[in-house]
Amino acid sequence: QVQLVESGGGLVQAGGSLRLSCAASGNIGSINVMGWYRQAPGAQRELVASITSGRTTNYADSVKGRFTISRDNAKNTVYLQMNSLKPEDTAVYYCNGNIRRTLAYTYLNYWGQGTQVTVSA
């Protein structure tokens, strides 16, 4: 089994900061891309940021310059530092990992349970 567990969500005022963490655990062989997605009420889930095992990053235009994704490969953990938060950043944030289980040949996508981020005006 593979699990992704997020932490760090909460309520913050506009202009504030939060740091999300997501730790992958279980029967892990290797992890390719890790990413953060978010879903606001009534909206589709969207990519916020992603990072490869070689630390190449990709960001949604709406968060460029405000959010920073990073990862610790030794800890199988990905982080999302969110600065200058806006009310429109309010959503449930989900961690995603493209993971190969030990002794497996293929990579599969795994999701965390989600963590709520609420930004008040």
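Arg38, Glu46, Arg66 and Asp89 are tied together in a network of salt bridges, where a salt bridge is a side-chain nitrogen of Lys or Arg within 4 Å of a carboxyl oxygen of Asp or Glu. The model is a predicted one, so local features need pLDDT of at least 70 and side-chain atom pairs count only at pLDDT 80 or more, while totals for chains, interfaces and linings use all residues. Residues are numbered from 1 along each chain as its sequence is written, and side-chain values use heavy atoms, with hydrogens and water left out.

Back to the network. Side chains of opposite charge can pair when their charged atoms come close. Arg38 and Asp89 meet through their side chains at 3.0 Å, N to O. That pair links distant parts of the chain, with Arg38 in strand β4 (residues 28-39) and Asp89 in the loop between β8 and β9, 51 residues apart. Strands here are DSSP runs of E with at least two residues, numbered from the N terminus. Asp89 also has a salt bridge to Arg66, this one at 2.8 Å, N to O. Again distant parts of the chain are linked: Arg66 sits in the loop between β6 (57-59) and β7, 23 residues from Asp89.

How much of this is on the surface? For Arg38 the relative accessible area is 6%, so this residue is buried, the cut-off for buried being under 20%, with exposed over 50% and partly exposed in between (1.4 Å probe, protein chains only). Asp89 counts as buried too, at 1% relative accessibility, and Arg66 is likewise buried. A search of the whole structure turns up four salt bridges. One of them joins Asp61 to Lys64, with the closest N and O atoms 3.1 Å apart; here Asp61 is exposed, at a relative accessible area of 64%.

On to the strands. β1, β3, β8 and β7 line up in that order as an open sheet of four strands with antiparallel pairing, two strands being paired if DSSP finds at least two bridges between them. At the edges stand β1 (2-7) and β7 (67-72), each with a single partner strand, so one side of each is left without a neighbour in the sheet. From one strand to the next the twist averages 15°, taken between axes that are lines fitted to C-alpha atoms, with angles running from 0 to 180 degrees between N-to-C directions. Six antiparallel bridges hold the pairing of β7 with β8 (residues 77-82), and Phe67 has Met82 as its bridge partner in β8.

Met82 turns up again in the nonpolar core. In soluble globular proteins, nonpolar side chains tend to be buried together. The largest such core has 30 residues, and Trp36, Leu80, Met82 and Tyr93 have the most contacts inside it; a core of this kind is a set of buried Ala, Val, Leu, Ile, Met, Phe, Trp, Tyr and Cys residues joined through side-chain atoms within 4.5 Å. Two or more residues come from each of β1, β3, β4, β5, β7, β8, β9 and β11 (115-120). Leaving out residues up to four places away in sequence, Met82 touches a set that includes Leu18, Leu20, Phe67, Tyr93 and Val117, a contact being heavy atoms within 4.5 Å.

Next along the chain is Asn83, in the loop between β8 and β9 (91-101). With a relative accessible area of 30%, Asn83 is partly exposed. Its contacts, on the same sequence exclusion of up to four places, are Gly16, Ser17, Arg66 and Phe67. The C-alpha atoms of Asn83 and Cys22 are 18 Å apart, with their positions 61 residues apart along the chain.

Cys22 itself belongs to the one disulfide in the structure, a disulfide being a pair of cysteine sulfur atoms within 2.5 Å. Its partner is Cys95, and the two sulfur atoms lie 2.1 Å apart. The torsion about the S-S bond is about -80°, so the disulfide is left-handed. The pair links Cys22 in strand β3 (residues 18-26) to Cys95 in strand β9, 73 residues away, and both cysteines are buried.

β9 also pairs with strand β10 (residues 108-111), antiparallel over four bridges, with Asn98 opposite Asn109. The two strands make a hairpin with six residues between them, and Leu103 in the turn has a positive phi of about 75°.
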